[in-house]
Each structure stands twice: as structure tokens, then as C-alpha cells.
Amino acid sequence: MSSDTLSSPSAGAHKGNQEKFDNNGVEKTQKPHESSTSSTAANGIKGSVKQPADEKSDKTSGAELKKRAKAEKAARRAQAKEGQQKPLQDVPQPRESKDQAGKSLTNQSPQSSSASKLQHKRRGSSSANAQRPLQLRSAQHQPTAPAPESKRESKKVAMFGHLYGAPKRTTIAGAGKDVHPSVLALGLQMSNYVVCGSNARCVSTLLVFKRVIDAYTTPPGTSLPRHLTVHLSAQIDYLVSCRPLSVSMGNAIRWLKLLISRIDPDTPESKAKAELCSAIDNFIRERITAAGQAIASSAYSKIQDGDVILTFAKSSTVERTLLEAHRQGKSFRVIVVDSAPLHEGANLARSLISSGLQVQYTLTYTFSHMVQGATKVLLGAHAMMSNGRLYSRVGTALVAMMAKEADIPVIVLCESVKFTDKVTLDSIAINEIAPSQELGYPGTETHEEVSTEKWQDSPNFQALNLMYDLTPEEYIQMVITEYGSLPPSSVPVVHRLSTNT
């Protein structure tokens, strides 16, 4: 026991020099705090066995690990800076043999065990770091990102991008449960252009709202003035999804909602509903039917014997005026100019021919030749803006411009219910875009080459189907309303007068 606990002066001097040799004769450096810790533990505990000189395993010191880590980090930075894709070569690590590792484990004393635990606390497991050196993954082994899918080409015209909304509804699928069946039918008729024209759409909407009001029952806990407007909003939303509202429809709906809001909540429901239905009938009779008759009676006097009246597309007010002039015995000829895709002028020409008028039908691409023989131009209107501009079927501005160049008077026939307080300078800010499929003919054997159904998937192809255009006021000589004949600049005055009555 005494021989195991004695330590010679030469051994202490050897420890003081911080040098030790293992069994293989390899010189190894040890830190000062490690030597002093192990010697103190050996002298302070009796009966302990002195650790032989080759008890330490051939491990890499912390300083070398830090130095190696710095070198690897610098190499990674240099590789990233130069853009090289070569993997960093692994630094060779000294590994101890299995015999040395087993010998070191069997000869390790409790004192060295406690010292190694203290060392492990201070700088972590050096053996683990030595076995798993930091490496850079080679660029050729990195997973390649999947190639992005080619973005589908947009078929929307960028200039009119703000006009594109939800696709036009063509079925009743997805309609709300509160939508009345008559509203469902009317929406599909408007979507398919069965009900077409500003006056026809306005009258049909008001008649349908009469049915909605007749079938309406006020829920308990609410009043008719408050809940009926909400119930009508569901019907209006469905109609808008089928096709945007016309200006006349918007004016009629605002009038109806204002009328509902003025109903006394104490009024019995049956009486309030009867009053609303009666008011709707009066609105149709006074603002649309009687107004059209007054315009026709005033406008037919502008037609003289031998005149050649040119008109564009189809307007119910223009048709009534021409038929009234024919009934009054005036002899004149009519030129109907039409355009795709609706070809509304064909229906007008058919109606005039059946009444005995002399009609000539043509399309817009031959209009420049036909306008030379006209004496007056009668145009219908979808709306009249407050700045005196005419908002009507696309192609109307072209007809008015050519007539102005040929010094032919342009007369607009328009009811005051179509007047609006909006001001616009072009047909870009406010317009309606119809589906592009309506531009082409059906894909039959005869017209297969002009069908847009096959063009839609073609690259660099975009179809634009505008419904309306804007005619400047300088092309218009006169606007005839139920209030009389007036210049385009007087439109806002008539609009205020009609809305306040």
C-alpha cells in the first residue's frame, strides 16, 4: 500500500513540467489545472492507487478541437465566398486503438474519473466532438428544388381588369334559400338575354318584386320596414350575379327601398303590402310606359315625308316612335345598323317589316356607305350621364361620330328614369364585360373556324366583349324626354326634377 501511495520527486518534477509519455512513447501535453487536480486527489486520499503514466487515453485536447473548428469554419466561409461547390475535405482525426481504449478504461482510477467528470462539465464531451467532425454537405448531393410550374396565361385584358367580376351565373345552383322562384327565373332570362333592354329589364324586375312582396311575411320580433329591405337585398344580389343592374333598375330599386323605409311600423302588414304593390304599378305606368308614349308623340313630329331614318341596334322607345310616325301616315325609310354578338337590330327590323315599313338592314362594317343617304339618326339610350354623355350599346359612339362627320343630326330618345348623377369621360371606368364565348359563333361545321371556344387556350390571345360605350355630348344635337326636348347639358337638371317628384 505504501509503495502505491509514494510519489518520487522526479515524478513531481515531471508533472511540474506538464509532460507525460504513454506506452507508445508519444509525448502528450496536459493542462496545468488537470495535473494539479489529479495530484491533489492522489495525496489527499489514503489507500488510493497511483495512476500509471499511460492511464490517459490518446484524446484530442479542447484547444485542438477549437482550432480545428475555427479552421473548418474559415474553410466554409471561403468556399461560400468563392462560390465553389466542392465539399470540404475532412480533417484527419487521431483515433485510439481498441487495445488502448480498453486499457485506459480498465486502469482508470476513481480520482481520474472525478477529474474527467469535472473536465466534461467545463468543456463538454471532447470524444464525441472528435468522432463527429463538422462537415459541409456536397452541393451535388443536396436535393434539387422542383421546377416551378408554368403560370397559366391570363385571358383578362389588363386595361379593363377592374371590370372583371365573378363569372356570370347561368344556373340556379348555389342560390340562397330566401330567393323567390320568380326571381330565379328572371335571373336566368337576363343571363341568357331572353329579357334584354333597359326598359324591359326594369319592368320585369319591378313585376317580380311585386310577387316577392305578396309572398312576404314579416318574421316575429321585427317590423316590415326594417326586414323587407333585407329580404329584397337577397333577391337583388341574385340578379346581380346573373347580370349587372342597369341604371334604370338601380333608380327603381332605390325608389322602392326609400318607399319601404317610409312605411309606418304600426301599419297592418296586408295594408302596407297592398300600398307597395300599387305604388310599383304606378311607377311602371308613369315613369316607363307613359314616358315612352310621351317621347314617341314628341319625336315622331321630327320625322318628315321622304326622310331616311338611321338607327342602331334595338331600342323600344325608337321602335315606338317609328311605328307612331308610320301610323300618322308619314312616308319614310329606315336603315337598321346592327353588330355582334347580340344582333338586336335584327329583331327591330323584323318588327318594322311586319308593320309595313321599308327597312334596310346592315352591319357596322358597311355603315360608312349607308350613312351617306340618311337624313336623321335616332338612337336609344341605356343611360344619360350628368355631363351630357350617352351611355348605350357598344357601337353607338361610332354611329354618332360618323353622322356628325356627315353633318346628320343625332337625336337621342331617353326616359328620365335612365338619367344618373354619375359623371364619366370614357367607357373604361364604367362598363359591363360579357363572357368572351359570346363573341364567336357556335362550333358548327360551317363556323368552326371562328368559334372562340378553341381560341381560348391559344397563347397570346385575349378576347374582350364590352357591352356599352360612351358617346360625347358634342355628337348629340338633342335629347327628347317626357319633359320635352333639351340639350345634353340640361340632363342633370331633369334628373334632379325627376327624383324630387
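# Exercises on a predicted model: strands, sheets and burial

In strand β9 (residues 410–413), V410 and V412 point one way while I411 and L413 point the other way, and all are buried, buried meaning under 20% relative accessible area, exposed over 50% and partly exposed in between, with a 1.4 Å probe and protein chains only. In a regular strand the side chains alternate between the two faces of the sheet. This is a predicted model, in which local features need pLDDT of at least 70 and side-chain atom pairs count only at pLDDT 80 or more, while totals for chains, interfaces and linings use all residues. Residues are numbered from 1 along each chain as its sequence is written, and side-chain values use heavy atoms, with hydrogens and water left out.

## Exercise 1

Determine which strands pair with β9, and which residues stand opposite each other.

Solution. Strands are DSSP runs of E of at least two residues and helices are runs of H or I of at least four, numbered from the N terminus; two strands pair if DSSP finds at least two bridges between them.
- Strand β6 (residues 376–379) runs parallel to β9 and is joined to β9 by three bridges.
- Within this pairing, V377 has V410 as its bridge partner in β9, and L378 has I411.
- Strand β11 (residues 478–481) also pairs with β9 in the parallel sense, over three bridges, and here I411 stands opposite M478.

## Exercise 2

Place β9 in its sheet and find the edge strands.

Solution.
- The sheet is open and has seven strands, in the order β5-β4-β3-β6-β9-β11-β12, with mixed pairing.
- At its edges are β5 and β12 (484–486), each of which pairs on one side only.
- From one strand to the next the twist averages 25 degrees, where axes are lines fitted to C-alpha atoms, for helices over the stretch in contact, and angles run from 0 to 180 degrees between N-to-C directions.
- Towards the β5 edge, strand β4 (residues 333–338) pairs with β5 (residues 358–363) in the parallel sense over six bridges, with Q358 in β5 as the bridge partner of R333.
- Together with helix α14 (residues 344–354), β4 and β5 make a right-handed β-α-β unit; right-handed means that, with the strands pointing away from the viewer, the path from the first strand over the helix to the second runs clockwise.

## Exercise 3

Describe the sheet that contains β8, and say why one side of each edge strand lacks a neighbour.

Solution.
- Three strands form an open sheet in the order β7-β8-β10, with antiparallel pairing.
- Because β7 (383–384) and β10 (468–471) each have a single partner strand, one side of each is left without a neighbour in the sheet.
- Strand β8 (residues 390–393) is joined to β10 by four bridges, and the partner of L390 in β10 is T471.

## Exercise 4

Establish which strands helix α16 lies across, and at what angles.

Solution.
- Helix α16 (residues 396–405) lies across β8 and β10, running at about 30 degrees to β10.
- α16 also lies across β3 (308–312), β6 and β9, running at about 160 degrees to β6.

## Exercise 5

Count the disulfides, and decide whether C202 and C242 are buried or exposed.

Solution.
- With a disulfide defined as a pair of cysteine sulfur atoms within 2.5 Å, the count comes to zero.
- C202 counts as buried because its relative accessibility is 1%, and C242 counts as buried at 0%.
- Across the protein, buried residues make up 39% of the 501 residues.

Conventions:
Contact = heavy atoms within 4.5 Å.
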